[in-house]
Each structure stands twice: as C-alpha cells, then as structure tokens.
Amino acid sequence: MSDAVKSRTVRRRWWWSLWGLMAVSAIGITAVFVPPYLTGSSFAPIDRSIVGYYASLVIHAAPAGLTLVIGPLQFVPRLRTRYPRVHRVAGRVYLISVVAASIAALYAATVTPSGPPLQVAFYILVMAWLYTAAQAYRTIRRRDVQSHRIWMIRNYALTFAAVTLRLYLLVGTELSKAIPSLSFRDIYTTSGWAALLGNVLIAEYFIVHRILVPSARRRRRGSATATEAPQPLSQGH
Ligand code: HEM
C-alpha cells in the first residue's frame, strides 16, 4: 500500500470514528432527554406556573429530537448517492422540524426563568438555526451542492449544541462540587454560550480545512494542468 493510500485510509477511519461518536451521542441525548416530555413529565423540574412554558418545551423537544437523530444520516455519502429520495424526504422532515422546534424554542426562551444572559444565547441560536436552514434549502433548490453541504454542516453544528450544552452542564455540575461558589445558573449560562460558540468554531474549522481548502487546491491543480496541456493547433494558416 502506498503512503498516500495509507494516509487516506487512516484519515477516513478517523472521520468515521468522529461521525460514530457524533451519532451515538445525538441518539443518547435524544433518548434520555426527549421521552419524559412525551409522557407529560420532564427531565428536570419545570416551573409549571409559567403560562405555556411546559407546553412549549413539549412542542420544542419532539421535533428537535428528530433533527438530532436524522442529522448524522444525512452526512453519509453512500446513503445520499444510493438512496437520493430517502435523503430528500429526510431532509424535508429535518427542515420542517427545525422550523417547528425553533418557534416553540422562541417562546420557551422568552418565558424561561434562566435569566437574560442565557436568553440572549437562546435567541441567537434560534435565529442562526433558522437562517442556516433557509440557506441550506435555498442553495439546494439552485442545485449548488457544495454550498448546501456547507450550510447543512453549519446548521447541524447548531443542532448539536443540544448535546454539547448537556455535556458542559454535566462537567459544570461536577466542578461545582469542588467549587461551591459556582451556582447552577452560572453553570447553565456558561454552558449555553460555550455550546453555541464552541460548535460554531468547530464547524467553521471543518468547513475551511475539509471543504474550502481542498476544493481550492483541486481548482488550482486543474487550471495548472490546463495551462500545461498542449494547445490545439491553430487552423487559420
Ligand atoms: C439548536 C437550536 C435549539 C434551541 C435554540 C433550543 C432552545 C431551547 C430552549 C430555549 C429551551 C428552554 C430552556 C430553559 O427554559 O431553560 C430548551 C429546552 C429543551 N431543549 Fe432545546 N433548543 C435547541 C435544540 C434542541 C435539540 C436539537 C434538542 C434535542 C434533544 C433539544 C431538546 C430540548 C429539551 C429536551 C429541552 C427541555 C429541557 C431539558 O430537559 O433539558 N433542543 N431548548
């Protein structure tokens, strides 16, 4: 096996491991956090005296869980090329779920007792979630596959904030045992912002290094070969 083939195999295994980790954590978080809301209870205590708060969480959690689970499948190239219809239908269900979950999240973010610093992070997340979904839809309607892929990576990075938020919350809760001055509100607010900003940065890093740089390199190589290739003989003489 040549060095180039070996390094491509290693890289491919590395990306599949990351994909597996992403899919398993997405399914795990959905399986733990969403079902309580489908049976009239909740994962954490909810203040049911706030009008519409619990109902908005139910309307939010169900479609949001769907987006978290559908997302990883949409990034599998073989599924996309072998079953394009499945990709299209799942993509529509995903986008409709983003819109439904966003509208409910907008209400939940308005009435939540979590405080303004976290509410601002939630509002930004909702707007960015809707905007990237709209761009993903618009670009694929124009058959611009590369831009669609980029916007969907951005969108799923925001969806995945539901996973990283809960991981940071877990770490923060453990930390607070050693640092008793850390309140739950501090941990919750920090985790919300860290999930939003961290996921956006990782997605942009991935987009630049795995899509934009290789595609610019391919384009440069293509134009270099075109200039090196023998020019057709002029027929005018
Ligand atoms: C990315 C866009 C998202 C936004 C803007 C968002 C926003 C919100 C807001 C504002 C709340 C209320 C929090 C509070 O009052 O403290 C909430 C709760 C919740 N969200 Fe999301 N969310 C998003 C994605 C997701 C996803 C993908 C899931 C999938 C599992 C999800 C599942 C839940 C659940 C289960 C709750 C209830 C609280 C809990 O039990 O943890 N959310 N979300």
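**Rings, ligand and iron: a walk through the model**

Let's start with the rings. Eight aromatic pairs occur in this structure. Keep in mind that this is a predicted model.

Take W15 and F206. Their rings meet edge-to-face, with centres 5.1 Å apart and planes at 85 degrees. Where do the two partners sit in the chain? W15 belongs to helix α1, residues 3-33, and F206 to helix α9, residues 184-228. That is a separation of 191 residues, so the pair ties distant parts of the chain together. Are these two residues buried or exposed? Neither label fits. W15 has 26% relative accessibility, so it counts as partly exposed. F206 is partly exposed too, because its relative accessible area is 24%.

Next pair: F33 with F43. This one is tilted, at 4.2 Å centre to centre and 45 degrees between the planes. F33 is in helix α1, while F43 is in the loop between α2 (35-38) and α3. The two are 10 residues apart, and the pair is again a link between distant parts of the chain. F43 has a relative accessibility of 46%, and therefore counts as partly exposed.

Stay with F33 for a moment. Which charged residue lies over its face? It is R166, at 4.8 Å from the ring centre. A second arginine does this elsewhere: R48 lies over the face of Y54, 3.9 Å from the centre of that ring. One more item on rings: F75, Y156 and F160 make up one aromatic cluster.

Now the ligand. How many residues surround it? The count is 26, and the closest are Y37, Y53, H60, T112 and Y188. Three of those have polar atoms to point out. Y53 puts a polar side-chain atom 2.4 Å from a ligand oxygen. T112 does likewise, at 2.6 Å from an oxygen atom of the ligand. For H60, the ligand partner is a nitrogen, 2.9 Å from an N or O atom in the histidine side chain.

H60 has another role in the geometry. Which protein atom is a donor to the iron of the ligand? NE2 of H60, at 2.0 Å, and it is the only protein donor. H60 itself is part of helix α3, which runs over residues 53-74.

Two single residues to finish.

First, S97. Find it in helix α5, residues 84-111. Is S97 buried or exposed? Its relative accessibility is 6%, and buried means under 20%, so S97 counts as buried. Its side chain reaches the backbone oxygen of V93 at 2.7 Å. Which residues does S97 touch, if we set aside neighbours within four places in sequence? P63, L66 and T67.

Second, L79. This leucine is in helix α4, residues 77-82. At 34% relative accessibility, L79 counts as partly exposed, because that value falls between the 20% limit for buried and the 50% limit for exposed. Leaving out neighbours within four places in sequence, L79 is in contact with L73 and P84. How far is L79 from L170? The C-alpha atoms are 34 Å apart in space, and the residues are 91 apart in sequence.

To recap with the model on screen: go to W15 and F206 for the edge-to-face pair. Go to F33 and F43 for the tilted one. Then go to H60 for the iron.

Methods
Residues numbered from 1 in each chain as written. Predicted model: local features only at pLDDT ≥ 70, side-chain atom pairs only at ≥ 80, totals over all residues. Heavy atoms only, no water. Donors = N, O, S within 2.8 Å, 3.2 Å for Na, K, Ca; no water. Helix = DSSP H or I, 4+ residues; strand = E, 2+ residues; numbered from the N terminus. Phe/Tyr/Trp six-rings, centres within 6.5 Å; stacked < 30°, edge-to-face > 60°. Buried < 20%, exposed > 50% of the residue type's maximum accessible area, 1.4 Å probe, protein only. Lys NZ or Arg CZ within 6 Å of the ring centre and 35° of its normal. Contact = heavy atoms within 4.5 Å. Near = heavy atom within 4 Å. Polar contact = N/O pair within 3.5 Å; in protein donor to acceptor, adjacent residues only side chain to side chain.
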